[in-house]
Structure formats: C-alpha cells, structure tokens
Amino acid sequence: DLLLRKAAVHKARRQLAEERACLELGAQLARRCGTAKSGVARRSLLRLAWLYQSQGEQGAAMLLYDEVLPAIRANLPTCHADLAACLHNLATLHHGSGEKERALALYRRALGIIRAALPPRPAETVTCLHNLALLHDSQGQHDMAVPLLQEAVELGRAGQLPMGQACASLDRLAALWQHMGEHGRALVLYE
C-alpha cells in the first residue's frame with residue numbers, strides 16, 4: 001500500500017521513472033509474498049500495466065493484464081471498475097495490434113460494466129464509447145459508430161465531463177458525418 005501511495009505521488013509530480021520503479025517493486029513483492037490477489041496488488045499491477053502501455057511497451061502491458069485479470073475475476077464482482085478498466089485497456093491493446101474482433105468483444109464487455117456501475121462514471125463511459133466507435137469506424141461500420149458517438153456527445157453536453165474529452169467525441173462525430181456526406185449535420189455540431 002505504501003509503494004502504491006508513493007507511486008501516486010510520483011505520478012502527480014510527473015516523475016514516471018520513479019513511479020514505475022515503485023510499481024515494479026510492488027509487483028515483485030506481491031508475487032514473492034503470494035499476495036497478487038489483494039486489492040493493493042491488483043491496483044499496482046493495473047497501474048503498472050497502464051504505465052507500460054502508455055510508454056509503448058505493449059507486450060509487457062499485455063502480460064500484466066493477463067496476469068491480473070484472473071485475480072480480478074476471482075475476487076471482485078462482475079461489475080467492478082477494476083474489471084472494466086482491465087478489459088478496456090486490453091481492448092485498446094488488441095485494437096492497436098489489429099485484433100479487432102477481440103477488441104470489439106472486450107470493449108463491449110467493459111462498456112456493459114461501466115454502464116451498470118453505481119455511481120455513474122461518465123468519463124469512463126465516454127472513453128469506452130469513443131474507443132468502441134473508433135473501432136467500428138475503422139471497420140467501415142459507420143452506422144454502428146454514430147450512435148456511440150452521439151451518446152458520448154450527450155454525456156458531454158450534460159456537463160459531466162472535462163471539456164477536452166467532450167470535444168474529442170464531438171469532433172469525431174462531426175468528422176464521421178462529413179465522411180458520410182452529411183455536411184449539414186456536421187456543421188450543426190460545430191456551432
């Protein structure tokens with residue numbers, strides 16, 4: 001728990017190397033002590049996997065997600081935020097590596113968990129909606145992408161999100177409308 005807190009301080013100070021060192025040490029200790037099923041160890045492994053992923057170390061991230069996912073499934077309810085985060089991040093990795101069918105299934109599962117979460121988690125919902133829409137769009141399934149982006153935009157209009165996150169979905173929806181030849185609909189979004 002102490003290493004996870006120390007890592008959080010390093011994260012807040014944008015000291016990624018120090019954060020990574022704390023998380024890696026925590027992962028080693030959890031494995032050595034057999035505590036990889038504890039909440040602190042799970043959160044440390046998830047954070048470390050995300051850090052690897054954000055630094056372009058997809059293989060290392062995938063291994064950690066694969067390591068922590070069984071512990072999450074065995075020890076947490078099926079609607080837990082850690083499960084949704086793990087599934088969403090795995091989906092992002094699969095999407096990036098071209099495994100679109102696997103990514104699609106994982107995004108859908110993560111979105112289902114996020115939508116069922118109490119209290120509501122609009123930021124996570126929009127991120128998942130946006131990424132799922134991008135996957136559909138990349139496969140030419142514009143009719144599947146549009147309602148997902150519309151839902152993300154509506155959550156943004158409800159004022160439940162940071163402006164940047166809301167604008168990204170709005171911009172993507174406008175670009176999609178434009179690509180589909182619906183220029184009037186695109187212009188309305190920009191006004």
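User: Why is the sulfur of Cys128 not in a bond with the closest cysteine sulfur?

Analyst: In this predicted model, the closest cysteine sulfur to that of Cys128 belongs to Cys86 and lies 13 Å away, whereas a disulfide requires the two sulfur atoms to be within 2.5 Å. The pair is therefore too far apart for a bond.

User: How many disulfides does the rule give, and what is said of Cys86?

Analyst: The count by this rule comes to zero disulfides. Cys86 is in no disulfide, and the nearest cysteine sulfur, that of Cys128, is 13 Å away.

User: What makes Cys86 count as buried or exposed?

Analyst: The relative accessibility of Cys86 is 0%, and the term buried applies under 20%, so Cys86 counts as buried.

User: Why is Cys128 classed as it is, buried or exposed?

Analyst: Cys128 has a relative accessible area of 0%; set against the limit of under 20%, this value means that Cys128 is therefore buried.

User: What share of the residues in the protein chain is buried?

Analyst: Of the 191 residues in the protein chain, 43% are buried, and the chain exposes about 10100 Å², of which carbon and sulfur atoms supply 57%.

User: What does the secondary structure of the protein chain come to?

Analyst: It comes to 10 helices and zero strands, and the order from the N terminus on is α-α-α-α-α-α-α-α-α-α. The C-alpha trace of the chain spans about 60 × 35 × 30 Å along its principal axes.

Terms used:
Residues numbered from 1 in each chain as written. Predicted model: local features only at pLDDT ≥ 70, side-chain atom pairs only at ≥ 80, totals over all residues. Heavy atoms only, no water. Buried < 20%, exposed > 50% of the residue type's maximum accessible area, 1.4 Å probe, protein only. Helix = DSSP H or I, 4+ residues; strand = E, 2+ residues; numbered from the N terminus. Areas by Shrake-Rupley, 256 points an atom, 1.4 Å probe, with all protein chains shown as cover.
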